[in-house]
Amino acid sequence: MNQEKSTIVLFSGELDKAIAAFIIANGAAAYDHEVTIFFTFWGLNALRKDESVFVKKGWLERMFAKMMPRGADKLGLSRMNFGGFGPKMIKHVLKKHNALTLPQLIELAQEQRVKLVACTMTMDLLGLQKEELLDGIEYAGVAAYLGDAADAKVNLFI
């Protein structure tokens, strides 16, 4: 019997959408699906390390790095962000209900061997380098994602 496959493109860099993507990915992995999340454009911010990493960059790449949130814990909400107060409310509600935070969901996904793939073309465009992203992730272009998606029964774009 072939293992079921699911793929997710995480294009959004918003906390609520990233949480949803990881809840779905972890749920599919728990049902023994082979899961790939392909991070592109703003979705790559969920994979950024929390701490600043010194890498040589040009002026434009440094500006992108300063304007984008650094890591899963710094993402804003898609609605009701309220200058950063909205994410604090969501994190409070998650804690109150003993739900996993986004960093915990990412860790769980890695433990369940969910394939986390950073889009190399977008990394080049935004000036992100491997040293700035979490350990244990993969790097590939859209062709690799399409190869995974072609065999998957579930393909989501978030």
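Q: In this predicted model, is K115 buried, exposed or partly exposed?
A: K115 has a relative accessible area of 23%. Buried requires under 20%, and exposed requires over 50%. The value falls in between, so the class for K115 is partly exposed.

Q: Which side chain does K115 meet in a salt bridge?
A: Side chains of opposite charge can pair when their charged atoms come close. For K115 the N to O distance is 2.9 Å, and the cut-off is 4 Å. The partner is D148.

Q: How many residues apart are D148 and K115?
A: The side chains of D148 and K115 meet in a salt bridge. This pair links distant parts of the chain, with D148 in helix 6 and K115 in strand 3 (residues 115-119). The separation is 33 residues.

Q: Does D148 count as buried or exposed?
A: The relative accessibility of D148 is 17%. The limit for the lowest class is under 20%. D148 therefore counts as buried.

Q: Which parts of the chain does the K153 and E4 pair tie together?
A: K153 and E4 form a salt bridge, at 3.4 Å from N to O. The two residues are 149 apart in sequence, so the contact ties together remote parts of the chain. Those parts are the loop between helix 6 (142-150) and strand 5 (154-157), and the segment before strand 1 (5-10).

Q: What is the relative accessible area of E4?
A: The partner of E4, K153, is exposed, at 67%. E4 itself is partly exposed. Its relative accessible area is 30%.

Q: How far apart are the closest N and O atoms of E14 and K17?
A: E14 is partly exposed, with a relative accessible area of 25%. K17 is also partly exposed, with 33%. The two form a salt bridge, and their closest N and O atoms are separated by 3.0 Å.

Q: How many salt bridges does the structure hold?
A: A pair counts when a side-chain nitrogen of Lys or Arg is within 4 Å of a carboxyl oxygen of Asp or Glu. E14 with K17 is one of the pairs, and D148 with K115 is another. The structure's total is 6.

Q: What is the angle between the planes of the F11 and F41 aromatic pair?
A: The whole structure has 5 aromatic pairs. F11 and F41 form one that is tilted, with ring centres 5.8 Å apart. The planes make an angle of 50 degrees.

Q: Where do F11 and F41 lie?
A: F11 is partly exposed at 33% relative accessible area, and F41 is partly exposed at 27%. They are 30 residues apart in sequence, so their pairing ties together separate parts of the chain. F11 lies in the loop between strand 1 and helix 1 (15-30), and F41 in the loop between strand 2 (34-39) and helix 2 (59-67).

Q: Which residues do ring pairs link into a cluster?
A: F11 and F41 already form a tilted pair. Ring pairs extend the group to a cluster with W42 and F157. The members are F11, F41, W42 and F157.

Q: Do F22 and F39 count as buried or exposed?
A: F22 has 0% relative accessibility. F39 also has 0%. Under 20% is the limit, so F22 and F39 both count as buried.

Q: Over the face of which residue does K130 lie?
A: K130 is 4.8 Å from a ring centre. The distance limit for a charge over a ring is 6 Å. The ring belongs to Y139.

Q: How much space lies in the largest pocket?
A: Its lining has 13 residues, and S52, V53, K57, A65 and R70 lie nearest the centre. That lining divides into 4 nonpolar, 1 polar and 8 charged residues. The pocket holds about 260 Å³.

Q: Which elements give two or more residues to the lining of the largest cavity?
A: The largest cavity has about 30 Å³ of space. Its lining divides into 5 nonpolar, 1 polar and 2 charged residues. The lining residues are L15, I19, D73, K91, L94, T101, L102 and P103. The contributing elements are helix 1, helix 3 (85-96) and helix 4 (102-111).

Conventions
Residues are numbered from 1 along each chain as its sequence is written. This is a predicted model: local features need pLDDT of at least 70, side-chain atom pairs count only at pLDDT 80 or more; totals for chains, interfaces and linings use all residues. Side-chain values use heavy atoms; hydrogens and water are left out. On a 1 Å grid over the protein atoms alone, a cavity is a set of points where a 1.4 Å probe fits but cannot get out, and a pocket is an open set with protein on both sides within 12 Å along at least five of seven lines; lining residues have an atom within 4 Å of a point. Grid points are joined across faces, edges and corners, and a volume is the space filled by probe spheres set on the points. Ala, Val, Leu, Ile, Met, Phe, Trp, Tyr, Cys and Pro count as nonpolar, Asp, Glu, Lys and Arg as charged, and the others, Gly among them, as polar. Helices (H or I, at least four residues) and strands (E, at least two) are DSSP runs, numbered from the N terminus. Buried means under 20% relative accessible area, exposed over 50%, partly exposed in between (1.4 Å probe, protein chains only). Rings of Phe, Tyr and Trp (its six-membered ring) pair if their centres lie within 6.5 Å; planes under 30 degrees apart count as stacked, over 60 as edge-to-face and the rest as tilted. A charge sits over a ring if NZ of Lys or CZ of Arg is within 6 Å of the ring centre and within 35 degrees of the ring normal.
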